[in-house]
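This briefing introduces one structure to a reader who has not met it before. It covers a sheet first and a cavity second.

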Amino acid sequence: METRHLRRAQRNLRKVWICAFLVLTGIVYVGYFVGYPDHVRALSNQREIKGPARVTESFPAGPAALSSVSIEFDKNGLLSVHPAFKLQSIQGSLGYDDIFANDTFQFDINAHDVMVFLHIQKTGGTLFGKHLVRDLDLQRPCSCQRRRKRCFCFRPNRNENWLFSRYSTGWKCGLHADWTELTGCVDMELNKIEGEGIKRRYFYITIIRDPVARYLSEFRHVQRGATWRGARHWCGGTQANIPQCYNGPSWQGVTLEQFMACPYNLGSNRQTRMLADLSIVGCYNSSLSSADRDRLMLASAKHNLQFMPFFMLTEYQKVGQYSFEETFGMRFAIAFEQHNATLSAATMAMLSTDQLDAVRRLNSLDLELYEFAKNLAFQRFKRLRDRDPYFVQRFQHLGELPSRQSATEFNWDSVIEDTTDNE
């Protein structure tokens, strides 16, 4: 009798434990899948990605993104998956992986392919921009107008632009437009020129420079009178109202200490800011802490840089030229020259240790971005080199084309160019 009662009690206890387990499971289910749908979607996206192991970090995002986000980095620290990085604003754009996954890819200048040059100040972009319009060996070379900083870069078979840059279309999206401005503007501007209904493929390119050298070059540029007043800083549907660091028409004669002290000086970490999608950090009026804003902006800049099918480093002109030519199947009629004796180098030599440390602190994001860019650029260069059976001969004879012997000469640091020509 006692044994029968003991067994019955054990069965009842098991039922109680089972019920308790089911109730607890239900609570967890509701809290996890109903209360946190964004996290579930993030996990779903993660299962769809095949790649290196990732470490997930969570921190607050800006008003334009999610209230709680999961940022996933691969072993190189690169953001891989995030709902805010879907590149919705550049539909039709092709990235590095799209190009190199297809052995037969070619930049089709006869169809609707468009190269978009994101020109960051003081990176050597003026010289490279002139190479693009003057020195490429094309079936229909760009037609440059005397006394005007403009060339018509049309396709061989019709008057449509294959290049969107300062020297081909002008500053249509604003003076030195950044990633945020260009991706929301380029297609609209080309539609105004050429008509709507054209399905273009966009290829974004840029140049990255050593951050300390670039910052000092910008300082000397501003010290001589440059202002870039035509920059719009368009983001989130509005133009940012950024206070000036100076009174009067320019900041001519500014000292390095004054240049570094202004909190509104966009020269600090300029490359990171110009390559990031600023909408995800609340544009220029972010409610994020400075640490969270910097962290997300740097991840975005790395992400967008990796997406670009081509970028080059100012300090490695020959590597950049070879990589461009092999990526797009175009040839320059001259060899790029390495300009190391710049005003920024002379300025750097005169800085004290404290001044140099201060410059590095102000550009800490750009310094990290540059190291990432350098590793990525040489990985891509190696990939191109390894698949080229004629690499040695090609690399030794860059720019040697019998059909053309022209050369573009330009001093990166000597000329102030502050035009807002948008015609």
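Which residue of strand 13 is the bridge partner of Ile 208? The partner is Leu 313. The model is a predicted one, and the points below place this pair in its sheet and then turn to a cavity that strand 13 helps to line.

**The sheet**

- An open sheet is formed by 4 strands with parallel pairing, and their order is 9-4-10-13.
- Strand 9 (163–164) and strand 13 (310–313) are the edge strands; each has a single partner strand, so one side of each has no neighbour in the sheet.
- Strand 10 (residues 201–208) runs parallel to strand 13, and 4 bridges join the two.
- Helix 14 (residues 364–386) packs on the sheet, where it touches strand 10 and strand 13.
- The direction of helix 14 makes about 115° with that of strand 13.

**The second largest cavity**

- There are 5 cavities of 30 Å³ or more in the structure.
- The second largest cavity holds about 140 Å³ of space.
- Its lining consists of 17 residues, and those nearest the centre are Phe 310, Phe 311, Ser 323, Ala 377 and Arg 380.
- At least two lining residues come from each of helix 3 (96–100), strand 13, helix 11 (317–328) and helix 14.
- Helix 14 contributes the most to this lining, with 5 residues.
- By residue class, the lining of the second largest cavity has 13 nonpolar, 3 polar and 1 charged.

**Where the two topics meet**

- Helix 14 touches strand 13 in packing on the sheet, and both elements supply residues to the lining of the second largest cavity.

Note on methods
Residues numbered from 1 in each chain as written. Predicted model: local features only at pLDDT ≥ 70, side-chain atom pairs only at ≥ 80, totals over all residues. Heavy atoms only, no water. Pairing = 2+ DSSP bridges. Contact = heavy atoms within 4.5 Å. Axes fitted to C-alpha atoms, helices over the stretch in contact; angles between N-to-C directions. 1 Å grid on protein atoms, 1.4 Å probe; cavity = no way out; pocket = protein on both sides within 12 Å on 5 of 7 lines; lining within 4 Å. Points joined across faces, edges and corners; volume = space filled by probe spheres on them. Nonpolar A, V, L, I, M, F, W, Y, C, P; charged D, E, K, R; others polar.
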